[in-house]
Amino acid sequence: MAENSPMGAQPAAKDIHFREFVLLCACLMAMNALSIDPMLPALPDIGRDLHIANPNDRQLIISFYFMGLGVGSLLFGVLSDQFGRKKVLGGAMILFILSSIACAGAHSFTMLLIARTSAGFFAGASRVITVGIIRDRFKGDAMARVMSLIFAVFMLIPVMAPSFGQAILWIAPWRWIFWVLAILATGILGWMAIRLPETLHPDNRIRINPRTILQTVGTIFRTRSSIGYMLASGVVMSGLIGFILSVQQIFFDVFHAQKIFPLAFATIAGSMGIGSLVNSRLVSRFGARRLSQSALIAFILIAAVHLAVILAGQETIVTFMVLQAMTMMTVAFTASNFSAISMEPFSKGAGVASSFQAFLTTAVSSALGSLVGRAFDGTTLPFTLGLLVFGSGSLLIVFWAERGKLFTRPHLNALREEYEAMH
């Protein structure tokens with residue numbers, strides 16, 4: 001990968017080609033999308049089969065997964081800083097596969113929620129350790145560019161996932177969605193085990209002890225760019241969680257468009273893939289801060305327009321799809337860039353920092369996004385109002401993190417000096 005890496009790479013021996021590295025990281029991160037999106041068309045079937053009386057309670061199948069994901073995210077990055085990325089990720093993936101099999105065999109709503117929480121917990125490893133792997137190799141805007149490329153490939157999964165889930169439902173019961181998920185995860189695990197070298201340099205390994213963890217977490221809280229962008233990411237991503245929780249009911253109950261749901265979801269999700277690809281081309285030129293802050297402002301403006309359309313009584317499936325696709329495109333610019341900005345100061349302790357980042361963003365986004373999902377009232381108003389509030393809140397946090405100065409591009413050395421001064 002050394003000859004094919006963008007500027008800022010930190011190559012390792014016995015490497016794989018850069019394109020394969022991007023594709024493998026995308027597949028590892030896509031395990032979460034594979035655990036959520038294919039079952040969206042199946043939620044009514046699951047509700048009937050497991051006797052879920054309240055339609056909004058079906059959202060718990062998604063919400064409990066995010067709860068487990070947040071807790072798991074706090075653990076596995078820390079473990080990978082001492083024992084290495086590959087070993088910890090491999091063990092967690094095995095347990096994720098077993099949890100998915102347990103979901104397939106669940107015969108009550110309670111059993112399914114327990115298994116889903118467990119699956120989310122172990123899936124946290126694929127998220128945080130993959131970010132740690134990328135941070136082992138890249139830094140600054142180069143990391144933001146690679147993250148955008150990975151998100152562009154990764155977004156192919158949610159684009160196809162509902163259609164994939166619907167195709168399974170045509171030939172088999174909903175339980176087979178989990179069986180297929182376990183099979184796919186097994187294939188990704190084998191690919192990683194064979195092809196991915198250990199990326200954590202021995203000099204960057206840290207022993208797990210409360211002092212080291214507290215030191216890294218303390219650095220995060222004392223570094224405005226880190227804690228600020230982590231919080232901002234969690235708040236703006238609440239809109240995405242609210243969308244995932246509400247989208248099936250919006251298309252089924254508001255627009256009565258069950259037949260086109262997979263295609264409509266693919267169209268909206270596909271805009272995120274386009275946004276990620278465009279971001280990967282532009283971030284080296286304009287910088288992660290300028291692009292993400294501009295996208296966040298656009299997010300707010302689009303949400304305000306969407307809210308005005310709803311209040312004027314002009315909401316249709318076309319207006320919803322167009323405006324939501326535009327919103328999701330802006331999310332693509334904020335997601336990868338906010339992550340890269342918050343991780344800039346960390347070479348040592350990247351696993352701990354990535355774990356805390358994933359935990360914080362997941363905890364914030366799942367809590368706020370769940371409020372939007374539970375507020376579903378048969379219209380798109382609660383969801384759109386939530387987008388406007390989340391976008392505005394995220395911008396205020398970014399404004400604080402940047403000490404009132406937006407659209408800047410501070411030099412990485414300044415961030416590193418700030419980090420080293422704290423140690």
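**Note on a predicted model: core, helices, salt bridges and surface**

1. The largest nonpolar core has 130 residues, and those with the most contacts inside it are Ile61, Phe96, Ile134 and Phe251. Helix α10, residues 224–254, gives the most to this core, with 16 residues. The model is a predicted one, and the points below should be read with that in mind.

2. Phe251 deserves a look of its own. Leaving aside residues up to four places away in sequence, Phe251 touches His256, Ala257, Gln258, Phe261, Ala264, Ile268, Ile317, Phe320 and Met321. Phe251 is also one of the residues with the most contacts inside the largest nonpolar core.

3. Ile260 is found in the loop between α10 and α11, the latter being residues 261–286. Is Ile260 buried, exposed or partly exposed? Its relative accessible area is 39%, so Ile260 is partly exposed. Between the C-alpha atoms of Ile260 and Gly77 there are 39 Å, and the two residues are 183 residues apart along the chain.

4. Helix α4 covers residues 85–104. What span should its 20 residues have at 1.5 Å a residue? The expected value is 28 Å, and the end C-alpha atoms are 29 Å apart, which agrees. Buried residues in α4 are Arg85, Val88, Leu89, Gly90, Ala92, Met93, Phe96, Ile97, Ser99, Ser100, Cys103 and Ala104. Of these, Phe96 was named above among the residues with the most contacts inside the largest nonpolar core. As a general point on such spacing, an α-helix has 3.6 residues a turn, so residues three or four places apart point the same way.

5. Helix α4 also contributes to the surface. Ile94, Leu95, Leu98, Ile101, Trp176 and Trp179 make a nonpolar surface patch of about 550 Å². Which helices each supply at least two residues of the nonpolar patch? They are α4 and α8, the second being residues 175–195. The largest share, 4 residues, comes from α4. Ile101, one of the patch residues, has its place in helix α4. With a relative accessible area of 30%, Ile101 falls between the limits of 20% and 50% and is therefore partly exposed.

6. A search of the whole structure finds 7 salt bridges. Among them is the one in which the side chains of Asp81 and Arg85 meet, at 2.8 Å from N to O. Asp81 has a relative accessible area of 0% and is buried. Arg85 also counts as buried, at 1% relative accessibility.

7. Arg85 has a further partner. Asp136 forms a salt bridge with Arg85, and the closest N and O atoms are 2.9 Å apart. Asp136 lies in helix α5, residues 109–137, and Arg85 in helix α4, so the pair ties together parts that are 51 residues apart in sequence. Asp136 is buried, with a relative accessible area of 9%. Asp81, Arg85 and Asp136 are thus named together as a network of linked salt bridges.

8. Another salt bridge joins Glu402 and Arg289, with the closest N and O atoms 2.7 Å apart. Why does this pair tie together parts that are 113 residues apart in sequence? Glu402 lies in the loop between α15 and α16, whereas Arg289 lies in helix α12, so the link joins those parts. Both Glu402 and Arg289 are buried.

9. Helix α12, residues 288–311, has 24 residues. From its first C-alpha to its last α12 reaches 35 Å, close to the 34 Å expected at 1.5 Å a residue. Just after α12, Gly313 takes a positive phi of about 75 degrees.

10. A positive phi also appears at residues that are not glycine. His51 has one of about 60 degrees. This residue is found in the loop between α2, residues 43–49, and α3, residues 60–83. At 70% relative accessibility, His51 counts as exposed.

11. Arg403 is likewise not a glycine, and has a positive phi of about 55 degrees. Where is Arg403 found? Its place is the loop between α15, residues 381–401, and α16, residues 412–421. Arg403 is exposed, with a relative accessible area of 59%. By contrast, Glu402, in that loop, is buried.

Conventions
Residues numbered from 1 in each chain as written. Predicted model: local features only at pLDDT ≥ 70, side-chain atom pairs only at ≥ 80, totals over all residues. Heavy atoms only, no water. Core = buried A, V, L, I, M, F, W, Y, C linked by side-chain atoms within 4.5 Å. Buried < 20%, exposed > 50% of the residue type's maximum accessible area, 1.4 Å probe, protein only. Contact = heavy atoms within 4.5 Å. Patch = residues over 30% accessible without salt bridge, like charges linked within 9 Å, V, L, I, M, F, W, Y side chains within 5 Å. Areas by Shrake-Rupley, 256 points an atom, 1.4 Å probe, with all protein chains shown as cover. Salt bridge = Lys/Arg side-chain N within 4 Å of Asp/Glu carboxyl O. Expected span 1.5 Å × (residues − 1).
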